[in-house]
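Thanks, everyone; I would like to take a few minutes to walk you through a structure that will be new to most of you. Please have a look at it first, and then I will go on.

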Amino acid sequence: METAVFIVCAVIVLAGSLGVVLARNPVHAALSLVGTLFGVAVLFLNLEAHFLAAVQIIVYAGAIVVLFLFVIMLLGVDRLEDISIEPILGQRVLATFVGLAGFGLGAAYIATSVEGATISTSSLLRVPASNLHHIAEVLFTDYVYAFEATAALLTISVVGAVVMTRRAGRNRVTQTTAGED
Amino acid sequence: MVTSSWYLILAAAVFTIGAVGLMVRRNPLIMFMCVELMLNAVNLTFITFARDFADISGQVAVLFVLVVAAAEVVVGLAIVVAINRRWPLATADDLSELRG
């Protein structure tokens with residue numbers, strides 16, 4: 001069963017990620033990204049990370065991709081991009097070569113060095129309740145400063161986004177600018 | 001039986017596709033999506049090792065990666081919107097203003 005789920009999800013993930021890279025229309029790329037993220041979420045379930053699978057769907061597919069689609073529609077860049085011309089000569093060949101070389105190195109390392117299937121059945125993650133309690137325990141004890149730092153990071157990024165997209169020299173926000181933004 | 005090597009190789013493949021896309025594509029939005037692909041590949045690796053070593057810290061790390069990815073997308077898309085207002089239809093090649 002796990003094998004079947006893995007194979008189906010792997011096909012979805014790979015097809016989606018290829019779709020992101022190869023799509024001429026940014027909207028199609030964003031929708032391919034949703035497919036990839038969904039496949040990865042199901043793989044998380046397969047790996048017993050139930051909470052993170054839910055977070056993956058809610059945060060990535062629900063918020064981040066919708067933000068991408070908002071920006072695509074806002075900027076009106078949802079037209080086809082001509083990807084047949086190559087701005088820098090030989091760039092694609094070189095990029096593909098570098099990518100495949102990196103992948104080959106990584107895959108060779110994984111195949112030789114990582115011994116698979118040594119999954120302990122009496123592990124911390126296999127506790128019947130859920131791993132949500134364990135995540136919360138670790139998050140609010142060992143990583144509590146990092147957690148507070150991420151709260152500050154999110155606030156800073158929201159303020160930064162508002163400052164950057166504000167139109168300069170217009171102190172009074174009128175109805176029209178609010179509508180445009 | 002699916003071993004964890006399969007998950008790791010799948011993650012490596014997704015990371016490779018994202019990296020090649022980042023190097024090849026010119027549209028800043030697509031480049032951001034490729035970064036998201038790479039982050040997801042790393043998340044998959046984290047969760048695979050979290051199961052392998054029975055250590056929940058891997059899942060906590062994924063949670064932090066998700067938060068940082070959300071912040072990165074917010075700031076990145078704000079930059080894209082600001083650039084698009086100044087130079088409409090700009091690609092990554094046109095933006096050499098900050099080049100030293």
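In chain B, if we take the contacts between residues at least 6 apart in sequence, 44% of them join residues at least 24 apart. I should say straight away that what you see is a predicted model, so please hear each value as computed from that prediction.

Staying with chain B, its secondary structure amounts to three helices and zero strands, and the order of the elements, read from the N terminus, is α-α-α. Its radius of gyration is 17 Å, well over the 13 Å that the globule rule gives for 100 residues, and so chain B is more spread out than a compact globule. Along the principal axes, the C-alpha atoms of this chain fill a box of roughly 50 × 25 × 25 Å, and 52% of its 100 residues count as buried.

Now to where the two chains meet, a contact to which chain A gives 71 residues and chain B gives 59 residues. On the side of chain A that touches chain B, the elements giving two or more residues include α1 (2-22), α2 (26-46) and α4 (91-113), and it is α4(A) that supplies the largest share, with 11 residues. Sorted by character, the residues on that side of chain A comprise 49 nonpolar, 18 polar and four charged.

Let me finish with α2(A), a helix of 21 residues that reaches 30 Å from its first C-alpha to its last, close to the 30 Å expected at 1.5 Å a residue. Just after α2(A) comes Glu48(A), which takes a positive phi of about 65°.

Terms used:
Residues numbered from 1 in each chain as written. Chains lettered and ligands numbered in written order. Predicted model: local features only at pLDDT ≥ 70, side-chain atom pairs only at ≥ 80, totals over all residues. Contact = placed C-beta atoms within 7 Å. Helix = DSSP H or I, 4+ residues; strand = E, 2+ residues; numbered from the N terminus. Nonpolar A, V, L, I, M, F, W, Y, C, P; charged D, E, K, R; others polar. Expected span 1.5 Å × (residues − 1). Rg over C-alpha atoms; globule rule 2.2 N^0.38 Å. Buried ≥ 20, exposed ≤ 12 C-beta atoms within 10 Å, placed from the backbone.
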